[in-house]
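I sat down with a new model today and kept notes as I went. Here is what I looked up, in the order I looked.

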Amino acid sequence: MVSRVESAAATRRALLDAAAGLLDSGGPGAVTLRAVGARAGVTRGAPYRHFPDKDSLLTTVAAEALDRLADQVQAVRADPRLSPADKLHRGLSALMTVGRRRPHLYRLMFTYPAGDPAAIHAAKRAGDRAMGEFLAIVGGVVGAEHTRRFAPLLLTSVHGITDMEVNGHLSADKWHVTAEELVTTLVAMIDRQAHSG
């Protein structure tokens, strides 16, 4: 027999999965608590017992995505077979993969969190964790003393590359380069710059 706690956790999970699916298929505008409840197959009132509003629900979806990204980057960082530059490249590629496959979620991950304080706190914690993992792999290439100098350059560059690719402005026909090749060039430039002085 399923306990109340287990049932509530299963309902919450179903609501989060439904919200993520609606976000993927139609963007933030497609996510309403009523639509999420219908997609999750729960009563009309169930979403409101778990999330006070749409912003809190979407912020929780983004927090989970940031935690998954942090887990991926942590696994890459812990792989002893990879060079620091390869770890950085793979970490950046993990971020780009989210942008390619789930562009609405990607944008939401980098939007300031909204909603109830608990959701905002969880999103900030997840964002800090993802940033910490990213800074650690950048530091592995450039050294701790230069991490804060190069990390924003890398992050903003990869955001631009991802945005251009997702929106069709980075075609191989036009630029004669792929997104992966741009990231490889970027990492190599950072690696050279960090070790030249």
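The entries below go from the overall fold to the core, then to single residues and salt bridges.

**Entry 1: overall layout**

I began by noting that this is a predicted model. I then asked how many helices and strands the protein has. The count came to 10 helices and zero strands, so there was no sheet to trace, going by the runs that count as strands. Reading from the N terminus, I wrote the order down as α-α-α-α-α-α-α-α-α-α.

For the dimensions, I took a box along the principal axes, and the C-alpha atoms fill roughly 60 × 35 × 30 Å. The accessible surface is about 10800 Å², with 56% of that area belonging to carbon and sulfur atoms. Of the 197 residues, 40% are buried. I also looked at contacts with a separation of 6 or more, and 68% of them join residues 24 or more positions apart.

**Entry 2: what the record says**

I went to UniProt next, where the entry is unreviewed. The record lists "domain: HTH tetR-type" at residues 9-69. In the model, that stretch is 77% helix and 0% strand, and its end C-alpha atoms sit 22 Å apart.

The unreviewed entry also gives a "DNA-binding region" at residues 32-51. I found 65% helix and 0% strand there, with 11 Å between the end C-alpha atoms.

**Entry 3: the core**

Which residues have the most contacts inside the largest nonpolar core? They are Leu88 and Phe134, in a core of 53 residues. I reminded myself that nonpolar side chains tend to be buried together in soluble globular proteins.

I then listed the elements that give two or more residues to this core: H1 (4-26), H2 (33-40), H4 (54-78), H5 (84-101), H6 (103-109), H7 (117-142), H8 (147-166) and H10 (179-196). Helix H4 gives the most, with 10 residues. The core also draws at least three residues from each of domain 1 (1-50) and domain 2 (52-194).

I stayed with Leu88 for a moment and left aside its neighbours within four places in sequence. Its contacts are then Phe134, Ile137, Val138, Val141, Leu154 and Val187.

**Entry 4: two residues up close**

Is Pro47 buried or exposed? Pro47 counts as buried, because its relative accessibility is 0% and the cut-off for buried is under 20%. Pro47 belongs to helix H3 (residues 46-50). Beyond its neighbours within four places in sequence, Pro47 is in contact with Leu15, Leu33, Gly37 and Val42. I also checked Pro47 against Thr178: they are 131 residues apart in sequence, and their C-alpha atoms are 42 Å apart in space.

Asp191 was my second pick, and I found it in helix H10. Asp191 counts as partly exposed because its relative accessibility is 29%, which falls between the 20% and 50% limits. With neighbours within four places in sequence left aside, Asp191 is in contact with Ala85 and Val141. Asp191 and Pro84 are 107 residues apart in sequence, yet 9.2 Å apart from C-alpha to C-alpha. I noted that Val141 is also a contact of Leu88.

**Entry 5: salt bridges**

I ended with the charged pairs, and the structure holds nine salt bridges. Arg102 pairs with Asp24, with the closest N and O atoms 2.9 Å apart. Arg102 lies in the loop between H5 and H6 and Asp24 in helix H1, so this pair ties together parts 78 residues apart in sequence. Both are partly exposed, Arg102 at 24% relative accessibility and Asp24 at 33%.

Which side chains meet Arg100 in a salt bridge? One is Glu165, at 2.5 Å from N to O. Glu165 is in helix H8 and Arg100 in helix H5, so the pair ties together parts 65 residues apart in sequence. Another is Glu180, again at 2.5 Å from N to O. Glu180 is in helix H10, so its pairing with Arg100 ties together parts 80 residues apart in sequence. I wrote down partly exposed for Arg100 at 30%, for Glu165 at 27% and for Glu180 at 36%.

My last note is on a network: salt bridges that share partners join Arg13, Asp17 and Glu64.

Note on methods: Residues numbered from 1 in each chain as written. Predicted model: local features only at pLDDT ≥ 70, side-chain atom pairs only at ≥ 80, totals over all residues. Heavy atoms only, no water. UniProt positions renumbered as here; feature names shortened; annotations may be inferred. Helix = DSSP H or I, 4+ residues; strand = E, 2+ residues; numbered from the N terminus. Core = buried A, V, L, I, M, F, W, Y, C linked by side-chain atoms within 4.5 Å. Buried < 20%, exposed > 50% of the residue type's maximum accessible area, 1.4 Å probe, protein only. Domains from an automatic or database assignment. Contact = heavy atoms within 4.5 Å. Areas by Shrake-Rupley, 256 points an atom, 1.4 Å probe, with all protein chains shown as cover. Salt bridge = Lys/Arg side-chain N within 4 Å of Asp/Glu carboxyl O.
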